[in-house]
Amino acid sequence: MTATKRPFTVVGGQAVREALAGHEGEVVERVREAYLLHDAGDTINPDSYFLRFPAKPDSRIIALPAYLGGDVDMAGIKWISSFPRNTGRGLPRASAVLVLNDYETGYPVALLESAAISAARTAASAALAARTLVPGPPATWGVVGTGVIAREICRYLTASGLGAERVHCHDLDPEAAAAFAARFPGGTATGLDAALDADLVVFATTALAPYVPAGHRFKPGQTVLHVSLRDLAPETLLEAANLCDDVDHCLKADTSPHLAEQLTGGRDFITGTLADVLTGRVTPDPATPVVFSPFGMGVLDLAVGSYVLDRAVEAGTATEIPGFFPVEGE
């Protein structure tokens, strides 16, 4: 009798992408279920651990351990690096792996390439928030930061029925902004101000500190997906309804909401969590702009990773590694 419920399995990047392709709606639903399980207390989501490098202040590797109950009933950890200078080497900025553990035995059961999983869960979270908060399809998007995460968010927004007629794209690299804008019939590379004026604003940058002027105010009715977390001055947040995925997680590590807490000495500026809105406990004031600042929780990686694992095993694209763990007595 083996020590694990199923053999150790590896799912490579191509298999991960195949499992996710065309299934945006199902991924969003898995993320929604994970948020509700977290809200109900059926998760364990410790603090992320940041491995930083004094000689490379813009780079980091993050460990996100978690347990997700419900039908998933797995523990695991995502180990994800962000090295922005990789783009100058022709390499993606982020790379990641996800380990999934059997809850009964604690044994790892799978290792998955996870840059695609991480991007998908981030995009699904943003699309779920937009679907929940935006009253109807926005006429305009403003996309600030035009890398892989922005691309995935826009794909998930479109799949969720929230496509826009005009897309204003801004990036510190004008060529990157122009290339990104060319993906959309109504896309244009613009300055920051035009992007900030859109109905739905998406921040997907690698900013380490706020750069949007502290005097900036979003308009009533605007929805802001503050995915990169450090773009906005605390003064801007204080003039908006603020939603997080998890308040304790989000208000740390000098995120914009954390800076707002330091500025005010409290958390009264937080309107609630996305789960509060999903369950009807909180209804944001339509006369106030809404900013969703998701810290990004490991339970979401487990939700999407377990979905990918099941699909890859079913499709025969997962690779079993016989004898990966020794059997006692052999």
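**Exercise 1. Which side chains meet in a salt bridge with an N to O distance of 2.7 Å, and where do the partners lie?**

Residues are numbered from 1 along each chain as its sequence is written. The model is predicted, so local features need pLDDT of at least 70 and side-chain atom pairs count only at pLDDT 80 or more, while totals for chains, interfaces and linings use all residues; side-chain values use heavy atoms, with hydrogens and water left out.

Solution.
- Step 1. The criterion for a salt bridge is a side-chain nitrogen of Lys or Arg within 4 Å of a carboxyl oxygen of Asp or Glu.
- Step 2. Asp248 and Arg267 form such a bridge, at 2.7 Å from N to O.
- Step 3. Asp248 belongs to helix 8 (residues 247–250) and Arg267 to the loop between helix 9 (256–264) and strand 14 (270–273), so the bridge ties together parts 19 residues apart in sequence. Helices (H or I, at least four residues) and strands (E, at least two) are DSSP runs, numbered from the N terminus.
- Step 4. Arg267 has a relative accessible area of 33% and is therefore partly exposed. The classes are buried under 20% relative accessible area, exposed over 50%, and partly exposed in between (1.4 Å probe, protein chains only).

**Exercise 2. Place the salt bridges of Asp58 and Lys78 in the chain, and give the exposure of each partner.**

Solution.
- Step 1. The structure holds 13 salt bridges.
- Step 2. One of them joins the side chains of Asp58 and Arg85, with 3.3 Å between N and O. Asp58 is in strand 4 (residues 56–68), and Arg85 is in the loop between strand 5 (74–82) and strand 6, 27 residues apart.
- Step 3. Asp58, at 22% relative accessibility, is partly exposed. Arg85 is also partly exposed, at 43%.
- Step 4. Lys78 pairs with Asp301, their closest N and O atoms being 3.0 Å apart. Since Lys78 is in strand 5 and Asp301 in helix 11 (residues 298–315), this bridge ties together parts 223 residues apart in sequence.
- Step 5. Lys78 and Asp301 are both buried.

**Exercise 3. How are the rings of Tyr107 and Phe325 arranged, and how are those of Phe180 and Phe184?**

Solution.
- Step 1. A pair of aromatic rings is described by the distance of the centres and the angle of the planes. Rings of Phe, Tyr and Trp (its six-membered ring) pair if their centres lie within 6.5 Å; planes under 30 degrees apart count as stacked, over 60 as edge-to-face and the rest as tilted.
- Step 2. There are 8 aromatic pairs in the structure. Tyr107 and Phe325 have ring centres 5.1 Å apart and planes at 70°, so this pair is edge-to-face.
- Step 3. The Tyr107–Phe325 pair links distant parts of the chain, 218 residues apart: Tyr107 sits in the loop between strand 6 (94–102) and strand 7 (108–113), and Phe325 in the segment after strand 16 (319–320).
- Step 4. Tyr107 is partly exposed at 28% relative accessibility, and Phe325 is partly exposed at 28%.
- Step 5. Phe180 and Phe184 make a tilted pair, with 5.6 Å from centre to centre and 55° between the planes. Phe180 is buried at 4%, and Phe184 is buried at 17%.
- Step 6. Tyr107 and Phe325 also belong to a cluster with Phe8 and Phe324, linked by ring pairs.

**Exercise 4. Describe how helix 3 packs with helix 1 and with helix 2.**

Solution.
- Step 1. Axes are lines fitted to C-alpha atoms, for helices over the stretch in contact, and angles run from 0 to 180 degrees between N-to-C directions. Angles under 35 degrees count as roughly parallel, over 145 as roughly antiparallel, 65 to 115 as roughly perpendicular and the rest as oblique.
- Step 2. Helix 1 (residues 13–20) packs on helix 3 (residues 115–133) at about 25°, with the axes 9 Å apart. Helix 1 is therefore roughly parallel to helix 3.
- Step 3. Val16, Arg17 and Leu20 of helix 1 make the contact (heavy atoms within 4.5 Å) with Ala116, Ile117 and Ala120 of helix 3.
- Step 4. Helix 2 (residues 24–39) and helix 3 pack at about 80°, with axes 9 Å apart. Helix 2 is therefore roughly perpendicular to helix 3.
- Step 5. Among the residues that meet here are Val27 and Tyr35 of helix 2 and Ala124 and Leu128 of helix 3.
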